[in-house]
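Subject: Structure for your review

Dear colleague,

Please find below the structure that I am handing over to you. I would be grateful if you would read the notes that follow with the structure open beside them.

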Amino acid sequence: MSELNAQPAGGKPANGAAAAQAAQQSAGQSVPPQPQPNWFQRNVRRRIDAIPLSTKLVACIIVLLTIGSFTLSFSIRQLVSSYLMEKTDKQLSNQSELVVNAADILAKTDPSQSNFGLNDYYVQLRDLDYKIVRVPLKPTSANGTTSIAPLLPDDGSMGSIDLGVPFTTTAVVTTQTVSGQNGTNGSNGTGNGSAGTDGTNGNGSTGTNGDSNVPNTQQAQITVTQSNAPWRVLVLPTADKTGTPNGYAFIALPLKDVVDTTNTLTRYSAMVGVAVVLLGAAIGTLLVQTTLTPLKRIEKTAAKIAAGDLSQRVPSAPENTEVGSLAASLNVMLARIEQSFREQQETTDKMKRFVSDASHELRTPLAAIHGYAELYKMQREFPGALERADESIEHIEASSARMTVLVEDLLSLARLDEGRGIDLTQQVPLTSIVSDATEDLHALDPERVVRTGRLVLAPAADGVASHFTFEDGDMPQVTLSGDGSRLRQVVTNIVGNIHRYTPADSPVEVSMGVLSASISPESLSRMPATEASMRHLIEAVEVGQNMQVGMNYAFVRFSDHGPGVPEASRSQIFERFYTADPSRARKKGGTGLGMAIALSVVKAHCGFICASGSDGGGLTLTVVLPIAPVEPQAVGMAAGAPHPYAHGQAGGSGMTGAAAGVAGMSGVSGGIASGLTGMSSKARAAAKPDKKSRAR
């Protein structure tokens, strides 16, 4: 409102505009004066704005209907009046000669008898000097007491009248005195002009007659009322039998029928217009109320949302309507707000849990270091203190190594969150990294059977949906663009999990494959690490394989047959510091950040990682990394030919720009410490796992 631009009594600016104006004035700039609200804005406009929308709409409907009815009635009146006037002019023109020639005969007929309307004519003859010669035909009342004539120019004058052009003039009524029979007659008014004069006639006033003449008086009054209508006059030249002009004839016809017809039609139009306005107001009110009902529902829904219930939605309506489009837009906005609020709440909860878990993880080695240091101080005066000191130093070193790994993992996650600490321009031999990891696993668990092969997509059959399956054979040679050290860290963390949390004699299958999928790397990296996302990815692979479109992806799959992880907790293993043990005891070593780092690295490569169940029990981790767009194959290419990116020539030129946009994305899960090979022998001995149980 305009009042917001006003300043309070203290002279300080009331809003940002006033503050900007004051700043410009202090800087020496010329500022145009702000317009002050006028009386209309302060009073009328404020009251108009306070009127409800429904009332405004109904008022507008009534005003429009009223204006439309008035305009229509006026147009009909003018149209009918013009039409009847034109008909009268044609009648005067067509019957003028007949009326002039038969004027003497018509004057002798009974006015009460019908002569096809010829008795209604008024005829006045004048000579060439415009002198009145005689009035052969003049309408009179039935009793002959009242005569009606048009108001014509004075004797000896034609005024501004044009010959042959009809014009309209007023009526002059002359009333004669009527004698009563049985009662006492009153006095009758006398007209301004004499009854026997055919010149200028005046309007007379009728007096009050006696009782015996009441019927005649009533008839005279009715005749006078009807005779007040105007006349239509046509002036034509006259000639004698030899054709010599001898004067002019004024032929007039009363317009009482035209006036009566026009007035009657106007009354009917007015009544119909009033009915239309009332009916339109009722229907308009009903339609406005019905139309605004969805807006009232939106208002109630907004009130519930303002009260804190973000699950409320606006009732839907056809989207081709304004209210339906508004409802759809509001529902989309509310869904996004609710999702953002939920994500913010989840982020806050995860941050609180992260701070708590990080504090716990850092407190444990610090407490061990502090405890063994105090123990060393207490026992250094006793015999054999040197041997006990070495043991304390070993425990302090192990705790220090664990805390160092924890801090390094936290630093790696922080760098990945910021999009730093990763180089996506290297050419990485992915097959070599996976092969090295399987050899490390075999070295850690010599009695474990580790099988390597190819990953293929098994089509749907016998009610079983399409799924990935292991096929014996050599792993394809795959090279892609990425960060070699980070990808090696991902594979090492997965293999370390298998080493720590599965029995040493449980088999493991490691498979690789190159498959095309009709999904972009950006969309793939935004997918959550859930089994539902894996099913969506399988559908995209089916489309890509059949249509040969999309992107070529490298699939790396690690399947173990250990205790496994419950289905409800599989997506949580990627959370930072996640552990299935509520006591958070790290009996198997690790920091709880390995899988979180793996997720962050894979996301930075525009890839996807997911945990699912293995056939026959256990856990399967699938890593998907983009290679290059699908290239169109030659028409004559043999069926079953090896994939063009399965022999070490995997192009990755298109990956750098795509991965840079998501380099800062990080995961939220937990796992083990990274870099088993870099641990010292003493730290490895302190972190040696117990393979009888599994606590992811």
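Helix α9 lies across four strands, β9 (450-458), β12, β13 and β15, and runs at about 165 degrees to β12. Please note that this arrangement, like everything below, comes from a predicted model.

The strands that α9 crosses belong to an open sheet of six strands, whose order is β10-β9-β12-β13-β15-β14. The pairing in this sheet is mixed. Strands β10 (467-472) and β14 stand at its edges with a single partner each, so one side of each has no neighbour in the sheet. From one strand to the next, the twist averages 25 degrees. Within the sheet, β12 and β13 run antiparallel and are joined by 10 bridges. As one example, Val514 has Ala554 in β13 as its bridge partner. A second helix, α13, lies across β14 and β15 and runs at about 135 degrees to β14.

Which elements supply the largest nonpolar core? This core has 52 residues, and those that touch the most other members are Leu480, Ile494, Phe558, Ile573, Phe574 and Ile609. At least two core residues come from each of the helices α8 (385-417), α9 (430-444), α10 (484-501) and α13 (594-604), and likewise from each of the strands β12 (508-517), β13 (551-560), β14 (608-613) and β15 (619-629). Helix α13 gives the most, with eight residues. Because domain 2 (313-421) and domain 3 (422-629) both give residues to this core, it lies between them. Another core, of 18 residues, lies apart from it and includes Met527, Leu537, Ala540 and Val541. As general background, nonpolar side chains tend to be buried together in soluble globular proteins.

There is also an open sheet of five strands, in the order β2-β1-β7-β6-β4, with antiparallel pairing. Its edge strands, β2 (132-137) and β4 (167-169), each pair on one side only. Neighbouring strands here are turned against each other by 30 degrees on average, direction ignored. Strand β1 (residues 122-126) pairs with β7 (residues 245-254) in the antiparallel sense over five bridges. In that pairing, Arg126 has Tyr248 of β7 as its bridge partner.

Two further stretches deserve your attention. An unreviewed UniProt entry places the feature "transmembrane region" at residues 55-76 and 268-288. In the model, residues 55-76 are 100% helix and 0% strand, with end C-alpha atoms 31 Å apart. Residues 268-288 are likewise 100% helix and 0% strand, and their end C-alpha atoms are 29 Å apart.

Is Glu338, a residue of helix α7 (residues 322-379), buried or exposed? Glu338 has 18% relative accessibility, and it counts as buried because the cut-off is under 20%. Leaving aside neighbours within four places in sequence, Glu338 is in contact with Leu310, Ser311 and Arg313.

Finally, some figures for the whole protein. It contains 15 helices and 15 strands, and 38% of its 696 residues count as buried. Among contacts between residues at least 6 apart in sequence, 73% join residues at least 24 apart.

Yours sincerely,
A colleague

Methods
Residues are numbered from 1 along each chain as its sequence is written. This is a predicted model: local features need pLDDT of at least 70, side-chain atom pairs count only at pLDDT 80 or more; totals for chains, interfaces and linings use all residues. Side-chain values use heavy atoms; hydrogens and water are left out. Two strands pair if DSSP finds at least two bridges between them. Axes are lines fitted to C-alpha atoms, for helices over the stretch in contact, and angles run from 0 to 180 degrees between N-to-C directions. UniProt positions are given in the numbering used here, feature names are shortened, and annotations may be inferred rather than shown by experiment. A nonpolar core is a set of buried Ala, Val, Leu, Ile, Met, Phe, Trp, Tyr and Cys residues joined through side-chain atoms within 4.5 Å. Buried means under 20% relative accessible area, exposed over 50%, partly exposed in between (1.4 Å probe, protein chains only). Domain bounds come from an automatic or database domain assignment. Contact means heavy atoms within 4.5 Å.
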